[in-house]
Structures are given as structure tokens and as C-alpha cells.
Amino acid sequence: MSNSLIFVALDYADAESAWPLIDQLSPQQCGLKVGKELFTSAGPDFIKALVERGFKVFLDLKFHDIPNTAGKAVRAAAELGVWMVNVHASGGRRMLEAARDAIADMPNRPHLIAVTVLTSMTEEDLREVGITVSPQQQVLRLAQLTKAAGLDGVVCSAQEAQMIAQQCGDGFIRVTPGIRPVGAEQGDQRRVMTPPEAAALGIEVLVIGRPITQASDPVAALNAIHESLTA
Ligand SMILES: O=C(O)c1cc(=O)[nH]c(=O)n1[C@@H]1O[C@H](COP(=O)(O)O)[C@@H](O)[C@H]1O
């Protein structure tokens, strides 16, 4: 039995396109991740509707701004009743602390996590933006900064998950996109791992989008992934 939660990334253009799949899912099967595309078109009421249906919702808006703006945006996201929200760790310590402080007084505040190095990025991509260490080193640096700023965990690739558990300790949540079942198309992802390998590392949250949403039968694809974790 795997302890990893699966979050389906609902990367659809609008609510109308997303509902047919949501209607076939239950909160026992998966959480739902809503990102920039769907949130921009469907808005806060759509998020509230998912929460009302009992789903754990990860509102993935990856805020990255000056501390005051990022903190207030995190607060607005948290007030929608979601389970998890995120910011970019590269926004720096003061931004991370502002995000943390903005929701500290909420009785049922969401988990607040920070994106380290996007799973689409390679060492060469980092070099082009002036970062001359490996993705692993940069992930570790940002995970340690996130931990020191008092956040709950990070988004990283599954390839860095073990290192983060060793360096940041148990209880620091690891959320890993870039999950690809054997034979699935990699697309724009670069630092990838299969679902059973990621679950075997004890990763808390696996985010999976296109391998489910683009499948001819998305629910069957999700069920097959669940089965692969228990095999
Ligand atoms: O924060 C995220 O969720 C995220 C961070 C990251 O480093 N990489 C990444 O792929 N994501 C998101 O995870 C999802 C992955 O989707 P698929 O590549 O279709 O499985 C997308 O919605 C991305 O926006």
C-alpha cells in the first residue's frame, strides 16, 4: 500500500472542459491541482465548487513577487479553502516569510510549499539564466531556504526527493510533478520518474497531468497508476 497521494493536474482551458473528468472522480481517489490556465479562465468560484465536493485542492499559482504582493496573494488563495498553495522559492527569504506570515493566523490554513527548480529544467537551462550549479544543488539550496523560512515543503522532481528528506527531515512535504508511467510521453518535462519508483521513495504528493488527462480513458489511466503503486 502506497502512502503517496496522487493529485491530477487539471490543465484544461476552461471549467466546461474539466468537469467531465471531475464528475468521474472521487475525493478518495485523488486530489485535484488547478494551475494558471484553468484558474485564469474558471476563477475562484470553480475552486470553491471543487472544495465543496470534498476534494483536496492544490491551487498551483506559483506566486513570485515582492513580499507584500506575494503574501497577500497567498492569503487570497488560502481563503478559497484549498488544501495547498505554492510560491517560487527563488523569490527569496523575505518573500517566503511574508507568504508564511500571511496565513499564519488561519485556523485551517493550507499547506504552503515552494517550487525549487521546475521539473522542465535541465542544467543547461539553469546556466542560461545565470545559475551555474547542477539542478540537484540548486534544488537543495532552495529547499533549505524554504525550510529555514518556515514553510511546509517543496515542489521538486522525484529525482531529488530522497536528498531532500535526508537534508530537510521527515515531515517536510515533497510534491513531485514530472511523473511519467513507463511508455508515457515525456513532453516538456525533463527530470522525470515513474509512479512506482516515486511512491517507493515515500514521496507525499505525486502530481500527474497529461498521462491521465490526455489518455483515451483518463479514469482507467488513473486506476492503472494506482494499481501500479500497490503491485
Ligand atoms: O508546481 C507545479 O505543480 C509544477 C512544478 C514543476 O516544477 N513542474 C510541473 O510540471 N508542475 C506542474 O505539474 C503539472 C505536470 O503536468 P504533466 O506534465 O502533464 O504531468 C503541470 O500542471 C505543471 O504546471
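## Aspartate 60 and the annotated active site

Aspartate 60 sits in strand 3, a good place to start in this predicted model. The unreviewed UniProt entry lists Asp60, Lys62 and Asp65 under "active site". Is aspartate 60 buried or exposed? With 26 other C-beta atoms within 10 Å, aspartate 60 is buried, because the cut-off for that class is 20 or more. Leaving aside neighbours within four places in sequence, its contacts are Lys33, Val34, Gly35 and Asn86.

Lysine 62 is also found in strand 3. Here 16 other C-beta atoms lie within 10 Å, so lysine 62 is classed as partly exposed. Beyond four places in sequence, lysine 62 is in contact with Asn86, Val87, His88 and Val115. Asn86 therefore appears in the contact lists of both aspartate 60 and lysine 62.

## Around the ligand

Strand 3 (57-63) comes up again at the ligand: strand 3 and strand 8 (205-208) each supply at least two residues of the surrounding shell. That shell has 18 residues, and the closest are Ala9, Thr119, Pro177, Gly209 and Arg210. Sorted by class, the shell holds seven nonpolar, seven polar and four charged residues.

## The nonpolar core

Which residues have the most contacts inside the largest nonpolar core? They are Val8 and Val74, in a core of 67 residues. Setting aside neighbours within four places in sequence, valine 8 touches Cys30, Leu32, Lys33, Ile208, Ile212 and Leu222. Lys33 is thus a contact of valine 8 and of aspartate 60.

## Helix 4 and its cover

Now a look at one helix. In helix 4 (residues 93-103), the buried residues are Met95, Leu96, Ala98, Ala99, Arg100 and Ala102. Their cover includes two helices, helix 3 (67-78) and helix 6 (135-148), along with strand 4 (84-88) and strand 5 (111-115).

## The chain as a whole

Stepping back, the protein chain has ten helices and eight strands. Its radius of gyration is 17 Å, close to the 17 Å given by the globule rule for 231 residues, so the chain is as compact as a globular protein of that length. The C-alpha trace spans about 45 × 35 × 35 Å along its principal axes, and buried residues make up 41% of the 231 residues. Among contacts with a separation of 6 or more, 67% join residues 24 or more positions apart.

The unreviewed UniProt entry annotates residues 5-225 as "domain: Orotidine 5'-phosphate decarboxylase". This span is 43% helix and 17% strand, and its end C-alpha atoms lie 12 Å apart.

Key. Residues numbered from 1 in each chain as written. Predicted model: local features only at pLDDT ≥ 70, side-chain atom pairs only at ≥ 80, totals over all residues. Core = buried A, V, L, I, M, F, W, Y, C linked by C-beta atoms within 7 Å. Buried ≥ 20, exposed ≤ 12 C-beta atoms within 10 Å, placed from the backbone. Contact = placed C-beta atoms within 7 Å. UniProt positions renumbered as here; feature names shortened; annotations may be inferred. Helix = DSSP H or I, 4+ residues; strand = E, 2+ residues; numbered from the N terminus. Near = placed C-beta within 6 Å. Nonpolar A, V, L, I, M, F, W, Y, C, P; charged D, E, K, R; others polar. Rg over C-alpha atoms; globule rule 2.2 N^0.38 Å.
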